[in-house]
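This report describes a single protein chain for a reader new to structural biology. Please keep the sequence and the three-dimensional view at hand while reading.

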Amino acid sequence: MADVQVGCVKKTGTTHQAITHLGGTGGGGWCWERAKVIESITAGTNTFFTHVDGRRAEILVVDANPRYLQTRADGQWTNNLLALPTCP
C-alpha cells in the first residue's frame, strides 16, 4: 500500500462534492478522477493525505450520496483539499 500526497485538485465549484480530480507530483506527476481515489481508499490499496501549513491531514471518504473526499486532521474535518491549487 502506498501513502500518497495530494498537492492539487480540479473542481467544478466550491464544495468538496465539486472536486472531480486529485493529483500530485509523486512518481513523475499524476491526476486521478475522484472515483478512482475513492475506490483506492475503500479497497485499502492506497492512503492519501495533504500537507498544508506544516500539518498532515488524512483524506477520507465521506459516505454520502454521492460519496466525496474530505481531509481530517487532529479529529477535525478540514478544508485542505479545497485550498489546494488547481491541477494542470
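Cys8 and Cys87 form a disulfide in this predicted model, with their sulfur atoms 2.1 Å apart. The structure holds one such bond. Cys8 belongs to strand S2 (residues 8-11), while Cys87 lies in the segment after helix H2 (80-83), so the bond ties together parts that are 79 residues apart in sequence. The torsion about the S-S bond is about 95°, and the disulfide is therefore right-handed. Both Cys8 and Cys87 are buried.

Why does Cys31 not bond with Cys87? The closest cysteine sulfur to that of Cys31 is the one in Cys87, but at 4.4 Å the distance is too far for a bond. Cys31 counts as partly exposed because its relative accessibility is 34%.

The sheet is considered next. General chemistry offers a starting point: the strands of a sheet pair through backbone hydrogen bonds, in either a parallel or an antiparallel manner. Here, five strands form an open sheet in the order S1-S5-S6-S7-S8, with mixed pairing. Its edges are strand S1 (2-5) and strand S8 (76-78), each of which pairs on one side only. From one strand to the next, the twist averages 40°.

Within this sheet, strand S5 (residues 46-52) and strand S6 (residues 55-62) pair in the antiparallel sense over four bridges. His51 stands opposite Arg56 in S6. Helix H1 (residues 34-43) packs on the sheet, where it touches S5, S6 and strand S7 (68-73). The direction of helix H1 makes about 55° with that of S7.

Two residues, one from the sheet and one from the helix, show these elements in detail. Thr50 is placed in strand S5, and Ser40 is found in helix H1. The table gives the relative accessibility of each, together with that of Cys31.

| Residue | Relative accessibility | Class |
|---|---|---|
| Thr50 | 0% | buried |
| Ser40 | 6% | buried |
| Cys31 | 34% | partly exposed |

Thr50 counts as buried because its relative accessibility is 0%. Its side chain makes a polar contact of 3.3 Å with the side chain of Asn80. Residues up to four places away in sequence aside, Thr50 touches several others, among them Val6, Arg56, Ile59, Thr71 and Leu84.

Which residues does Ser40 contact, leaving aside its neighbours within four places in sequence? Ser40 is in contact with Trp32, Thr45, Asn46 and Phe48.

Notes: Residues numbered from 1 in each chain as written. Predicted model: local features only at pLDDT ≥ 70, side-chain atom pairs only at ≥ 80, totals over all residues. Heavy atoms only, no water. Pairing = 2+ DSSP bridges. Axes fitted to C-alpha atoms, helices over the stretch in contact; angles between N-to-C directions. Contact = heavy atoms within 4.5 Å. Buried < 20%, exposed > 50% of the residue type's maximum accessible area, 1.4 Å probe, protein only. Polar contact = N/O pair within 3.5 Å; in protein donor to acceptor, adjacent residues only side chain to side chain. Disulfide = S-S within 2.5 Å.
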